[in-house]
Amino acid sequence: MNKIGILTSGGDAPGMNAAIRSIVKSGINSHIKVIGIENGFEGLIDGQFIELNSSSIKNIIQRGGTILKSARSKRFLEKSYRKKAMDHLFNNEINGLIVLGGNGTFKGASIFTKEFDFPIIGIPCTIDNDLYGTDFSIGYDTAINTAVDAIDKIRDTAESHNRLFFIEVMGRDSGMIALTSGIAGGAEEIMIPETFFNIKQLVGKLKDLKNRDNSSIIVVVAEGDEEGGAFKISEQVKKDLPDFDIRTTTLGHIQRGGKPTCMDRVLACQLGSAAVEALLEGKRNLMVGVVNQKIKLTDFSLSIVRKRKINSELLKFL
Ligand code: F6P
């Protein structure tokens, strides 16, 4: 293997740039060329290739987003476009690929690697931290710290006005961000898709809290909660608790941006280097992760089908 490609796909995650840097550095050390593919699988289909070298990765370790840009590619779901992508790799003499992303990215990579017998290694990058096969995904630590900072700020104003706030955090299918940022932000309740807590139970708890003289109350809601997002839940609660002064905030994409934390940068360095090593050892169809502080390789088929479990024990700290 003397030339590898690298792309970032799906929702961006802070630390992707640090991982790109780590891959390029490892490539240079192992005397292999690293080609950046822009716009994820879309750029692979269209042959948007750029050579990455030591000057391309200067001063990117601290930058959020991805210098390679990202996309969610619908075209890559079609075989004819995957064939086009393979032709570009062949014509550019690229003999291995590293893909940075989440579940959707690995699904695409898994189909491609089997279809064309092409070596691909995945690096888990998603603020949702919902991938099986790694304790942490790149971007998660930054996102939860952003969310906690926002919850703390909202607490100040909630306390001043004796208000109940619903705060929605990201996590389409996962309550990881809500659970950890909610615990760290001292939330009075957390609503996540992994546990069932209905509106009636919530209203009962909110009444109890008010009776116990809680001046401010914060409920952190994962966007994927089965009762709906924060706005839907707050509208229902308003009907049952007309005397409560209620406000609702969605944190949204601020959770995806910003400087990666120290933890995310170090994780990105480890996983970028491990991915290059895995390709050079002839491995394929695997995601690199960190489990109990050790590098672990997990087959794409498992990381796609299984889901990382939340630690619901944490809910007892509410
Ligand atoms: O997968 C990461 C994530 O941030 C989810 O938490 C969220 O639901 C989704 O991406 C939002 O995606 P988009 O930026 O495409 O709207």
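Strands are DSSP runs of at least two residues, numbered from the N terminus. In this predicted model, strand E8 covers residues 217-222 and contains isoleucine 218.

## Residues in strands and loops

Isoleucine 218 has a relative accessibility of 0%, and because buried means under 20% relative accessible area, isoleucine 218 counts as buried. Between isoleucine 218 and aspartate 243 there are 16 Å in space, C-alpha to C-alpha, for a separation of 25 residues in sequence.

Another strand, E1 (residues 3-8), holds threonine 8, and this threonine 8 likewise counts as buried, so assigned on a relative accessibility of 0%. Threonine 8 and serine 174 stand 166 residues apart in sequence, and their C-alpha atoms are 21 Å apart in space.

Methionine 170 belongs to the loop between E6 and helix H6 (176-184). Its relative accessibility is 11%, and methionine 170 therefore counts as buried. From methionine 170 to glycine 224 the C-alpha to C-alpha distance is 7.9 Å, while the two residues are 54 residues apart in sequence.

Two loop residues have a positive phi. Aspartate 117, although not a glycine, has a positive phi of about 50°; aspartate 117 lies in the loop between H4 and strand E5 (120-124), and with a relative accessible area of 56% aspartate 117 is exposed, because the class begins over 50%. Asparagine 162, also a residue other than glycine, has a positive phi near 55°. The loop between H5 and strand E6 (164-169) is the place of asparagine 162, which counts as partly exposed because its relative accessibility is 42%.

## Aromatic rings and charges over rings

How many aromatic pairs does the structure hold? There are six aromatic pairs in the structure. One of them joins phenylalanine 112 and phenylalanine 118 in an edge-to-face arrangement, with 6.1 Å from centre to centre and 70° between the planes. Phenylalanine 112 and phenylalanine 118 are both buried. Beyond this single contact, ring pairs link Phe41, Phe76, Phe112, Phe116 and Phe118 into a cluster.

Charged side chains also sit over aromatic rings in this model. The charged end of arginine 75 is placed over the ring of tyrosine 81, at 5.1 Å from the ring centre. The charged end of lysine 210 is placed over the ring of phenylalanine 244, with a distance of 5.1 Å to the centre of that ring.

## The pockets

Rolling a probe the size of a water molecule over the atoms shows where empty space is left. The two pockets described here are set out in the table, and their linings are discussed below.

| Pocket | Volume | Lining by class |
|---|---|---|
| Largest pocket | About 770 Å³ | Ten nonpolar, eleven polar and twelve charged residues |
| Second largest pocket | About 280 Å³ | Seven nonpolar, three polar and three charged residues |

The largest pocket has a space of about 770 Å³. It is lined by 33 residues, and those closest to its centre are Arg72, Asn103, Gly104, Thr105 and Arg172. Helix H4 (103-116) and helix H10 (300-305) each contribute at least two residues to the lining of the largest pocket, and H4 gives the most, with six residues. The lining of the largest pocket also draws on two domains, since at least three residues come from each of domain 1 (3-139 + 260-309) and domain 2 (142-255).

Which residues lie nearest the centre of the second largest pocket? Of the 13 residues that line the second largest pocket, Phe136, Met263, Leu267, Gln270 and Val290 lie nearest its centre. Two or more residues of this lining are given by helix H5 (140-161) and by helix H9 (262-280). H9 provides the largest share of the lining of the second largest pocket, five residues.

Definitions and conventions: Residues are numbered from 1 along each chain as its sequence is written. This is a predicted model: local features need pLDDT of at least 70, side-chain atom pairs count only at pLDDT 80 or more; totals for chains, interfaces and linings use all residues. Side-chain values use heavy atoms; hydrogens and water are left out. Rings of Phe, Tyr and Trp (its six-membered ring) pair if their centres lie within 6.5 Å; planes under 30 degrees apart count as stacked, over 60 as edge-to-face and the rest as tilted. Buried means under 20% relative accessible area, exposed over 50%, partly exposed in between (1.4 Å probe, protein chains only). A charge sits over a ring if NZ of Lys or CZ of Arg is within 6 Å of the ring centre and within 35 degrees of the ring normal. On a 1 Å grid over the protein atoms alone, a cavity is a set of points where a 1.4 Å probe fits but cannot get out, and a pocket is an open set with protein on both sides within 12 Å along at least five of seven lines; lining residues have an atom within 4 Å of a point. Grid points are joined across faces, edges and corners, and a volume is the space filled by probe spheres set on the points. Helices (H or I, at least four residues) and strands (E, at least two) are DSSP runs, numbered from the N terminus. Ala, Val, Leu, Ile, Met, Phe, Trp, Tyr, Cys and Pro count as nonpolar, Asp, Glu, Lys and Arg as charged, and the others, Gly among them, as polar. Domain bounds come from an automatic or database domain assignment.
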